[in-house]
Amino acid sequence: MSKLKTPKNPSEEAEDELVTIKDEEIDEDEESQDWSQAVKLSTKSMISSIPKRGEKDYEPDGTNVQELLLYRARKAMFDTLANSPRGSIVSNQVKAYYDSKLHGAILPHPKGNFLQTMGSVDQEGRCWLDFQEFVYLAERGTVLPFYINEPRDIEIPLSMQDLYSLFRSQAEMDRYFIFAHLKRLGFIITSSYQRRVEKTSFYPPSNPAFGSSIGLRYDSFLSFIDLKGASLMNAFFYTRWNFLLRRYTSTQKIYEGLKNLVPSVRVPKTADELRFERIRCQLNPTAPFSIAFNVWKPQTNFKKKSPGLPDFQVVIHNKNDASQHFPSYSELQEIFHSLDYKFDFLNEIDEEVNWDNDSYTNGVLRSQHISNARSKAASTKPRPVNHLDTKTENKHGMPHVKQFRRLKAGYRSFLLAIMDDGLISFVKISEADFGSENVWYIPSNQGSSTRPKRHGNNGRDQRRSNRRQIKKRTEK
Amino acid sequence: MAKGKPNGVRYRYPLPIHPIQLPILVPHNPVSCIYWAYCYVTTINRVTKIHVDITSGKYAHVLVRNAEQMMYLWENGFFGTGQLSRSEPTWIERTVTRINESMGDGSKNLALERITEKRRLQRLEFKRKRVEFEKYILDLRRQGGSIEQETEVLEKQRQALRDFKASQDKDNSEEEIILYNESESLFDDEGGVQPLEALELMPVEAIFLSFALPVLDISIKTLAGRLFDNDTLSYNTLYPLVRQYVAYHHYRSHGWCVRSGIKFGCDYLLYKRGPPFQHAQFCITVLDSEEYHDYTWYSSAARVVGGAKKTLILCYVERMASEERIVELWKNGQFADVFSSFKIGEVIYRRWVPGKNRD
């Protein structure tokens, strides 16, 4: 019954898609771990083999079979943990001392790979860890946490419990969990409020007072013209006489008449529009949602001191906190305004965005800043200038394919990390602009839309007949 | 499919008002000019007025009963839903073929609705079988069977279920599914099938087809009077529908085919051309710009939508005029002003998986 398998009506199939939501979306890091595999790594060999993950009962069935299975799996996990070799190499251990005034930790003898992405050095040349970096590294066993009792100058080693008691608020704890989660997955993260890091911005330094006055005037003038024109057009289009008096020679023209009624938010789409928007709208420093982290994808040539623009920016929302709520539209807009990252949608428009030429570090164009720093350091090593090119292959495409990509990807975006009873999930929220894209179908007079199909069929038929001929030949 | 026309021809016009065809104008030929001017004056954009019934009662239903007009609305912009069909009003056609089939006039072309029906029955049968097997295992457990025994049985059962499924896929074409007997009331006096189905328009569709495109034989004022009681009209009763309409008009006017999204737990589905051409790619949920919900609300909506491989769009509607002014405009019948005092802002909501975004 081939018909059952290949329904022609898409909506039919869509219905079935819903029924058979499969586990496709679940990937490895979401699956629960199978500890029976890890058992093999443990020092003492386990005698019994643990059954693999099996069927799960959804209701109690009056027997204890499920409990037994659960017990065995859990035992496997605990046995593995109890028997595996753990610890760190003494010579690699780094001591870190907690400083309650700065709420961070100081490293007298910094060493280790983690310094590539974590820690910062102050004017006196001391290496500092952020509190969340400190807890994260202590939890991994990379640093040993200590506290110095100043008057007597005694080192007190800290336990994990001690460290957790040093968190100053639930919000800080949430932030730590999300930090640690992303960190374990290999991302590079800096807190957006972090000190001692060169600030890089997409927006050029400017005199805000000057810019805003021009911007505002320009904007109000434009919107005035826009509104007047549109409302006059509307007044006529929606009267009884419109279709009696006016002649529409194409569907497109009817759509043109229709689309002026409901205004929609215009979203900045190019670098210039983004910068103009930033001048026009002042940032609200008291906004309830602020950017908690800047996140970079895992990379080897990360420069801690001057990292450039981040790949993502993260905002945190605790679902269980009654004083917080999911952002409303105006709050979302405020977040969008405050974003300052590698606006990936600009890659779609421009052939090549060189982020060094398009961002400003300490108020100087980043490419200049980098070359200054290089001449200071007198390093003559030629470095790869732009490693972004690898990702910019499929820029070319049919206009409607491009349009579709624009609609699906949206424009400015941020990650909303949701903390729900300790479970972390991420949502990507992007600005969309359906109001500036027209998807209307323009009917052609000859019905040429069917023509390419016919061509396709011919091709297929030809191939089929070719195959038949080949078959015949082989039969012969 | 039904009319034997290719879809490109059948759904040629995306709106129920068709553009006029003017003859080719040759500027230096005076005859051509005169003929062109003549055509321009005499032809108007054809507006076929479509008759609608509005049922009274707590919820007004906007219905189109004429078979030809039902088809016209479906074929020119995919408006409305057949009350006894999935969306295209095909009930009468299906019924006639079904009756002919049962009379022995076996045509193999099954209607899409029948295919789904068949599939659902198959699934039901499969589930019944599975429940049976589960019962067997439970009995085994109660009698103290070991886990090893159990896995052995489970393996066998799985194979049996797989075989069963394969056999279902193969030899079901001949089976006849008779769900109900034909009742007398189905037929009219001459033995033909009575047209029981009507095309139901969503209120927003009815507004669009009377206010934006004058296609229905009812004016927007009359329609508004039927949808709301003018005496007790307040902003709060008015707003929910106006909000839905503003969003509907926004997407319609940019060329999307907008259909109800209730199947996927949202307000609208956006098709690029229409349901016969491709799947809907976007699901629209309309919200007020000040509105927010618990995170669970967003995530469940996104789960359903994501499960059907669509993109969830949160469409925020922002009020730009005072509430009193909007009610006043509505009462004065200045509907265009009512609708243009709202602004649309959109946001894409998508689950983000760290593991898939590492590079």
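In which sense do strand E1 and strand E5 of chain A pair, and over how many bridges? In this predicted model, E1 (residues 94-99) and E5 (residues 143-149) run parallel to each other, and five bridges join them. One position to look for in the viewer is Lys95(A), which stands opposite Leu144(A) of E5(A).

E5(A) also has a partner in strand E6 of chain A (residues 154-157), and here the pairing is antiparallel, over four bridges. Within this pairing, Asn149(A) has Ile154(A) of E6(A) as its bridge partner. The two strands E5(A) and E6(A) form a hairpin, with four residues between them. For anyone tracing the backbone through the turn, Asp153(A) is a helpful stop: its phi is positive, at about 60°.

It is also useful to set these strands beside the annotation. UniProt, in an unreviewed entry, lists residues 78-147 of chain A as "domain: tRNA-splicing endonuclease subunit Sen54 N-terminal". In the model, the C-alpha atoms at the two ends of this span lie 31 Å apart. Helix makes up 23% of the span and strand 30%.

A wider view takes in the chain as a whole. Chain A contains 16 helices and 14 strands. Of its 476 residues, 22% are buried. Among contacts in chain A with a separation of 6 or more, 65% are between residues 24 or more positions apart.

How values were computed: Residues are numbered from 1 along each chain as its sequence is written. Chains are lettered from A and ligands numbered from 1 in the order in which they are written. This is a predicted model: local features need pLDDT of at least 70, side-chain atom pairs count only at pLDDT 80 or more; totals for chains, interfaces and linings use all residues. Two strands pair if DSSP finds at least two bridges between them. UniProt positions are given in the numbering used here, feature names are shortened, and annotations may be inferred rather than shown by experiment. A residue is buried if 20 or more other C-beta atoms lie within 10 Å of its own, exposed if 12 or fewer, and partly exposed in between; C-beta atoms are placed from the backbone. Two residues are in contact if their C-beta atoms, placed from the backbone, lie within 7 Å.
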